[in-house]
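Here are some exercises to work through with the model open in your viewer. Try each task before you read its solution.

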Amino acid sequence: MKRILCAVTMFTLATGASGAFAQEEPAWRWHGWCEYKWPPNQNPPPRLNLPDWVCQAAYEAKLHTKYSVYSEINPFFVTADLNGDRVLDAAVWIIERRTRKRGLAIFHGGNKVPIVLAAGTPWEERGDDFRSFDQWSVIPRGELFDSVHEEGRKVKLEVDALILIKSESAGVGVYWDGKKYKSYQLSD
């Protein structure tokens, strides 16, 4: 009897016939930015560290057809409350496949439509390529953007913001104004 029970159990596990063990993986696990495939004899790619909700939103928006995750900047993604709704958001460095232009994909938690800044798409007066930036950070809400480069315009941050930095050169703030992302020149 034990042999029969053991054989049935092994057969069930091997064929995936058991409902308890056969859970279907979501499509974004096998396609898109967060696919679980990579070349043999290589470490898992950094993109697998992205939160599941970001992977799903990127896949549903078909970002993988035009952009790749750019992981040469460390960290290559950050999380913060970028739009002030008290839900965690994520910003991810991306690179347009065709032109190799860099930018950011911003994912607002709870919203499936990402916002792309640069990466081949013009954004404000900042252009369509963030290639010159090699560092970044999150600036917490409540801070004040106050720069001589903005002709007396000051911005008190009502939300967390990003600062994009070109080493030993320039810094640009990126913040949500309630409707869209705006830029603020912090240094030259």
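## Exercise 1: Salt bridges

Eight salt bridges are counted in this structure, which is a predicted model.

**Task.** Find the salt-bridge partner of E96, and say which parts of the chain the pair links.

*Solution.*
- Step 1: Start from the carboxylate of E96 and look for a side-chain nitrogen; K66 provides it, with the closest N and O atoms 3.8 Å apart. The cut-off for a salt bridge is 4 Å, so this pair qualifies.
- Step 2: Place both residues. E96 lies in strand β3, and K66 in the loop between α2 and β1 (67-69). They are 30 residues apart, so the salt bridge links distant parts of the chain.
- Step 3: Check the accessibility of each partner. E96 is buried at 5% relative accessibility, while K66 is partly exposed at 38%.

**Task.** Sort the residues of the salt bridges R131 with D129 and D146 with K154 into buried, partly exposed or exposed.

*Solution.*
- Step 1: Confirm the contacts. R131 and D129 meet at 2.9 Å, N to O; for D146 and K154 the closest N and O atoms are 3.8 Å apart.
- Step 2: Recall the limits: buried is under 20% relative accessible area, exposed is over 50%, and partly exposed lies in between.
- Step 3: Apply them. R131 has 41% relative accessibility and is partly exposed. D129, with 22%, is partly exposed. D146 has 45% and is partly exposed, whereas K154, at 51%, counts as exposed.

## Exercise 2: The disulfide and its helix

**Task.** How many disulfides does a search of the whole structure find, and which residues form a disulfide?

*Solution.*
- Step 1: The search finds one disulfide.
- Step 2: C34 and C55 form it, with their sulfur atoms 1.9 Å apart.
- Step 3: Read the dihedral: about the S-S bond it is -75°, and the link of C34 and C55 is left-handed.
- Step 4: Locate the two ends. C34 sits in the loop between α1 (2-15) and α2, and C55 in helix α2, so the link ties together parts that are 21 residues apart in sequence.
- Step 5: Look at accessibility. C34 is buried at 3% relative accessibility, and C55 is buried with a relative accessible area of 3%.

**Task.** Which residues of helix α2 are buried, and what covers them?

*Solution.*
- Step 1: Helix α2 spans residues 52-60, and V54, C55, A57 and A58 are buried in it.
- Step 2: The cover over these buried residues includes β3 (89-96) and β4 (102-107).
- Step 3: Follow the chain past the helix: α2 is followed by K62, whose phi is positive, near 60°.

## Exercise 3: An open sheet

**Task.** In what order do the strands of the open four-stranded sheet lie, and which strands stand at the edges?

*Solution.*
- Step 1: The order is β6-β9-β10-β11, and the pairing is antiparallel.
- Step 2: The edge strands are β6 (135-139) and β11 (181-187); each has a single partner strand, so one side of each is left without a neighbour in the sheet.
- Step 3: For the twist, neighbouring strands of this sheet are turned by 25° against each other on average, direction ignored.
- Step 4: Zoom in on one pairing. β6 and β9 (residues 161-165) run antiparallel and are joined by five bridges. V138 has L162 in β9 as its bridge partner.

## Exercise 4: Aromatic pairs

**Task.** Classify the ring pairs W33 with F107 and F145 with Y184 as stacked or edge-to-face.

*Solution.*
- Step 1: The structure holds nine aromatic pairs, including the two treated here.
- Step 2: W33 and F107 are 6.2 Å apart, centre to centre, with 80° between the planes, and form an edge-to-face pair. W33 lies in the loop between α1 and α2 and F107 in strand β4, so the pair ties together parts 74 residues apart in sequence. Both W33 and F107 are buried.
- Step 3: F145 and Y184 are 5.3 Å apart, centre to centre, with 25° between the planes, and are stacked. F145 belongs to strand β7 (residues 144-146) and Y184 to strand β11, so this pair ties together parts 39 residues apart in sequence. F145 is buried at 4% relative accessibility, and Y184 is buried at 0%.

**Task.** Which residues do ring pairs link into a cluster?

*Solution.* Following the ring pairs gives a cluster of W93, W123, F130, F133 and W136.

Conventions. Residues numbered from 1 in each chain as written. Predicted model: local features only at pLDDT ≥ 70, side-chain atom pairs only at ≥ 80, totals over all residues. Heavy atoms only, no water. Buried < 20%, exposed > 50% of the residue type's maximum accessible area, 1.4 Å probe, protein only. Helix = DSSP H or I, 4+ residues; strand = E, 2+ residues; numbered from the N terminus. Contact = heavy atoms within 4.5 Å. Disulfide = S-S within 2.5 Å. Pairing = 2+ DSSP bridges. Axes fitted to C-alpha atoms, helices over the stretch in contact; angles between N-to-C directions. Phe/Tyr/Trp six-rings, centres within 6.5 Å; stacked < 30°, edge-to-face > 60°.
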